[in-house]
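Q: I am new to this structure and would like to look closely at one part of it. Could you take me through it slowly, starting from a single residue?
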Amino acid sequence: MAKLGKRTTAAREAFAGKENVSVEEAVALVKANANAKFDETVEIAMNLGVDPRHADQMVRGKVSLPNGTGKEVRVAVFARGDKAEEAKAAGADIVGAEDLMETVQGGEINFDRCIATPDMMPVVGRLGKVLGPRNLMPNPKVGTVTMDVKEAVEAAKGGEVQFKVEKAGVVHAGIGKASFDEGKLVENVRAFVDAVSKAKPAGAKGSYMKKVAISSTMGPGVSIDVDSATGN
């Protein structure tokens with residue numbers, strides 16, 4: 001077994017016996033132990049009581065975090081004509097049509113969010129096998145297939161986070177940086193949890209939120225009391 005480094009050992013000792021704590025205590029622990037040489041991302045993971053193999057138990061949505069994510073989001077937009085110009089003016093990093101499709105098909109994906117106007121979906125649809133597994137496929141349910149490309153681009157750049165439950169019933173996302181004030185991280189945690197709570201599908205049975213935990217990129221995780229996370 002590999003020997004743990006001093007930083008990892010110290011972090012694990014600090015987290016020992018800390019389970020189902022309040023959001024405030026969890027944030028304080030994660031911040032205090034995010035000691036990497038870069039500004040670590042604070043991540044949230046939620047274990048939900050759903051089986052996403054069933055359509056009526058799928059959980060997906062979006063949330064604009066009150067304090068942003070601290071991450072620079074690269075946005076690509078599939079659009080033509082005036083809408084392409086609108087996307088560029090709004091700050092989109094990459095704008096194109098068939099040319100952009102060919103670039104993506106060639107394996108070059110230099111973006112974190114993909115937006116498309118409805119008329120471009122026949123083109124974008126050819127990229128399903130490439131964008132789908134990366135959770136980049138534009139979808140009208142989360143506002144990434146839209147004629148209002150200006151609003152979509154600005155939302156993506158402004159800290160909007162999309163989420164989608166994985167096969168094991170887990171939702172995860174980055175909700176800020178370790179350099180954020182504790183109060184701002186607490187607000188972001190609660191905003192994300194609230195959005196996932198409101199996205200509860202009709203087919204969900206029994207306990208919906210089973211576990212909530214946060215961690216930093218290089219640090220251990222700490223579980224949060226569900227009632228504290230939901231504000232109950």
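To begin, is Lys198 buried or exposed?

A: Lys198 is exposed, because its relative accessible area is 67% and the word applies to values over 50%. Please keep in mind that you are looking at a predicted model.

Let's use Lys198 as a way in. Lys198 belongs to helix α8, which covers residues 182-198. If you measure from C-alpha to C-alpha, Lys198 lies 9.8 Å from Val59, although 139 residues separate the two in sequence.

Now for the sheet. It is an open one, built from four strands in the order β7-β1-β8-β9, with antiparallel pairing. At its edges are β7 and β9 (222-224), each of which pairs on one side only. Ignoring direction, neighbouring strands of this sheet are turned by 25° against each other on average. Helix α8 packs on the sheet and touches β1, β7, β8 and β9. The direction of helix α8 makes about 155° with that of β7.

Let's follow strand β8 next. Between β1 and β8 (residues 209-216) there are seven bridges, and these two strands run antiparallel. You can find two of the partners by eye: Met46 is bridged to Val212 in β8, and Ala45 is bridged to Ala213 in β8. On the β9 side, β8 pairs over three bridges, again in the antiparallel sense. Here Ile214 has Val222 in β9 as its bridge partner. The link from β8 to β9 is a hairpin that passes through five residues. How enclosed is β8? Six of its eight residues are buried, so β8 is largely enclosed by the rest of the structure.

From the sheet we can move to the largest pocket. About 780 Å³ of space lies in this pocket. It is lined by 28 residues, and those closest to its centre are Asn135, Val161, Gln162, His172 and Ala173. Three elements each give two or more residues to the lining: β1 (41-48), β6 (160-164) and β7 (170-177). Strand β7 gives the most, with six residues. You have already met β7 as an edge strand of the sheet. Sorted by kind, the lining has eleven nonpolar residues, eight polar ones and nine charged ones.

Asn135 deserves a short stop. Asn135 sits in the loop between α6 (128-131) and α7 (149-157). Asn135 is partly exposed, because its relative accessible area is 33%, between the 20% and 50% limits. Its phi is positive, about 55°, although Asn135 is not a glycine. Asn20 also has a positive phi without being a glycine, in this case about 50°. You will find Asn20 in the loop between α1 (6-15) and α2 (23-32).

Strand β6, which we met in the pocket lining, leads to another pairing. Five bridges connect β6 with β2, and these strands run antiparallel. One of the bridged pairs is Arg60 with Lys164 in β6. In a regular strand, side chains alternate between the two faces of the sheet. Strand β2 (residues 60-64) shows such alternation: Gly61 and Val63 point to one face and are buried, whereas Arg60, Lys62 and Ser64 point to the other face and are not buried.

For a contrast with our starting residue, turn to Val75. Val75 is part of strand β3 (residues 75-78). Val75 counts as buried because its relative accessible area is 0%, and buried means under 20%. Leaving out residues up to four places away in sequence, Val75 touches Ala92, Asp93, Ile94, Phe111, Arg113, Ile115, Val153, Ala156 and Lys157. The C-alpha atoms of Val75 and Ala152 are separated by 9.6 Å, with their positions 77 residues apart along the chain.

So you can hold on to two opposite residues as landmarks: Lys198, which is exposed, and Val75, which is buried.

Technical notes
Residues are numbered from 1 along each chain as its sequence is written. This is a predicted model: local features need pLDDT of at least 70, side-chain atom pairs count only at pLDDT 80 or more; totals for chains, interfaces and linings use all residues. Side-chain values use heavy atoms; hydrogens and water are left out. On a 1 Å grid over the protein atoms alone, a cavity is a set of points where a 1.4 Å probe fits but cannot get out, and a pocket is an open set with protein on both sides within 12 Å along at least five of seven lines; lining residues have an atom within 4 Å of a point. Grid points are joined across faces, edges and corners, and a volume is the space filled by probe spheres set on the points. Ala, Val, Leu, Ile, Met, Phe, Trp, Tyr, Cys and Pro count as nonpolar, Asp, Glu, Lys and Arg as charged, and the others, Gly among them, as polar. Two strands pair if DSSP finds at least two bridges between them. Axes are lines fitted to C-alpha atoms, for helices over the stretch in contact, and angles run from 0 to 180 degrees between N-to-C directions. Contact means heavy atoms within 4.5 Å. Buried means under 20% relative accessible area, exposed over 50%, partly exposed in between (1.4 Å probe, protein chains only).
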